[in-house]
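Please open the structure in your viewer and keep the selection panel at hand. The tour below moves from one selection to the next and says what there is to see at each stop.

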Amino acid sequence: MTRFAIPVAIFVALLVLLGIGLKLDPREVPSPLIGKAAPHFELPELHQAAKTFSERDMLGKVWVLNVWASWCVSCREEHPVLLDLAAKGEVPIYGLNYKDRREDGLAWLKGMGDPYKLSIFDFDGRVGIDYGVYGVPETYVIDKSGVIRYKRIGPLTPEIVKEKVLPLVRELGRA
Amino acid sequence: MPRPLALLLLVLLSAPIAAKEAAPAAADPVLEKRVMTLAEELRCLVCQNQTLAESNAPLAEDLRNQVREKMRQGRSDKEVVDFLVERYGDFVLYRPPLKTTTVLLWFGPPMLLAVGFAVLLRRVRRRRQADDTGTTDADRRRAAELLAGGEPR
């Protein structure tokens, strides 16, 4: 009996390890940006190309930056969640329209509703690269001093908003 | 069509084709080679098992352009890599740096190999000992006789 104990133990340990491996999402790469200052940008707004917006305009406020595009399928899935979050009014959401065409982006917001205070227009994806974007949609929570506190790669879900985003926003708002 | 004319046409028509193929590489082959060599060391984040050099994903293209631009500005390979790591983390590197979080990654496999060898060695030793069952010279002689076809028993 003891003869088999060790191989069986190793086998079970391996099973557990592989089982955990199956549950992990390889797409979720830990972002090195968390705890760091949000990279600087100064981009034209989507609605008014003549006006620009910068992350510096938001110093002193807790805010959410959401990267979206009209060509992005998961953004469609995420959109109602963002509309909900915007309706709660607890935190302002700003959009980064990533590698899109202006008219497509505007049409999308017109057709599906606009949860954003405003969207900025990142045509060539430069700012996206600075923010380490690789899978639209992505969402950042940025605190009053302009530090990135949370990043979500992939669509927000009602659970994530309830369990992660809102508690964090409330906590940062108190600070 | 007379032959010389056809030949002439052929030459004239093929020239621009060849020129088009060569153009991008001729722009700056040295730089291009540097970009591609570095890109082979970097992971494309969209299709994670491809390198930045191989991938056709739009993001990979953007990142290659960034690498090219930075190199054109005279940045070193290390500076370019740091630029990407700052944004995407060590994950973009196919050769992750040695850190406390990557110790297992670097030394796990050799350690497993060493453990395997140790187990094997112990087994072999034990078997050798088990083989020493106290056969005497007389036994061996008898066995040899039997094998040589000597009389049974």
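**A walk through the sheet of chain A**

Begin by selecting β3 in chain A of this predicted model, and look at where its side chains go: Trp63(A), Leu65(A) and Val67(A) point one way from β3(A), while Val64(A), Asn66(A) and Trp68(A) point the other way, and all of them are buried. In a regular strand, side chains alternate between the two faces of the sheet. Since six of the six residues of β3(A) are buried, this strand is largely enclosed by the rest of the structure.

Now widen the selection to the whole sheet, which is open and consists of five strands of chain A in the order β5-β4-β3-β6-β7, with mixed pairing. The edges are taken by β5 (118-122) and β7 (148-153) of chain A, each of which has a single partner strand, so that one side of each is left without a neighbour in the sheet. If you turn the view, you can follow how neighbouring strands of this sheet are rotated by 20° against each other on average, direction ignored.

Next, add β6 (residues 138-142) of chain A to β3 (residues 63-68), and you will find the two strands running antiparallel and joined by five bridges. Two positions to label here are Asn66(A), which stands opposite Thr139(A) in β6(A), and Val67(A), which stands opposite Glu138(A) in β6(A). Then select helix α5 (residues 158-174) of chain A, which packs on the sheet and touches β6 and β7 of chain A, its direction making about 165° with that of β7(A).

Return to β3(A) and select β4 (residues 93-98) of chain A, which runs parallel to β3(A) and is joined to it by five bridges; one place to look is Val64(A), which lies opposite Ile93(A) in β4(A). When you add helix α2 (residues 73-88) of chain A, the three elements β3(A), α2 and β4(A) appear as a right-handed β-α-β unit.

Which strand should be selected after β4(A), to which five bridges join it? The answer is β5(A), which runs parallel to β4(A), and within this pair Tyr94(A) has Leu118(A) in β5(A) as its bridge partner. To trace the connection, follow the chain from β4(A) through helix α3 (residues 102-112) of chain A to β5(A), a β-α-β crossover that is right-handed. As a last stop, colour β4(A) by burial: five of its six residues are buried, so β4(A) is largely enclosed by the rest of the structure.

Note on methods: Residues are numbered from 1 along each chain as its sequence is written. Chains are lettered from A and ligands numbered from 1 in the order in which they are written. This is a predicted model: local features need pLDDT of at least 70, side-chain atom pairs count only at pLDDT 80 or more; totals for chains, interfaces and linings use all residues. Two strands pair if DSSP finds at least two bridges between them. Helices (H or I, at least four residues) and strands (E, at least two) are DSSP runs, numbered from the N terminus. Axes are lines fitted to C-alpha atoms, for helices over the stretch in contact, and angles run from 0 to 180 degrees between N-to-C directions. Two residues are in contact if their C-beta atoms, placed from the backbone, lie within 7 Å. A residue is buried if 20 or more other C-beta atoms lie within 10 Å of its own, exposed if 12 or fewer, and partly exposed in between; C-beta atoms are placed from the backbone. A crossover is right-handed if, with the strands pointing away from the viewer, the path from the first strand over the helix to the second runs clockwise.
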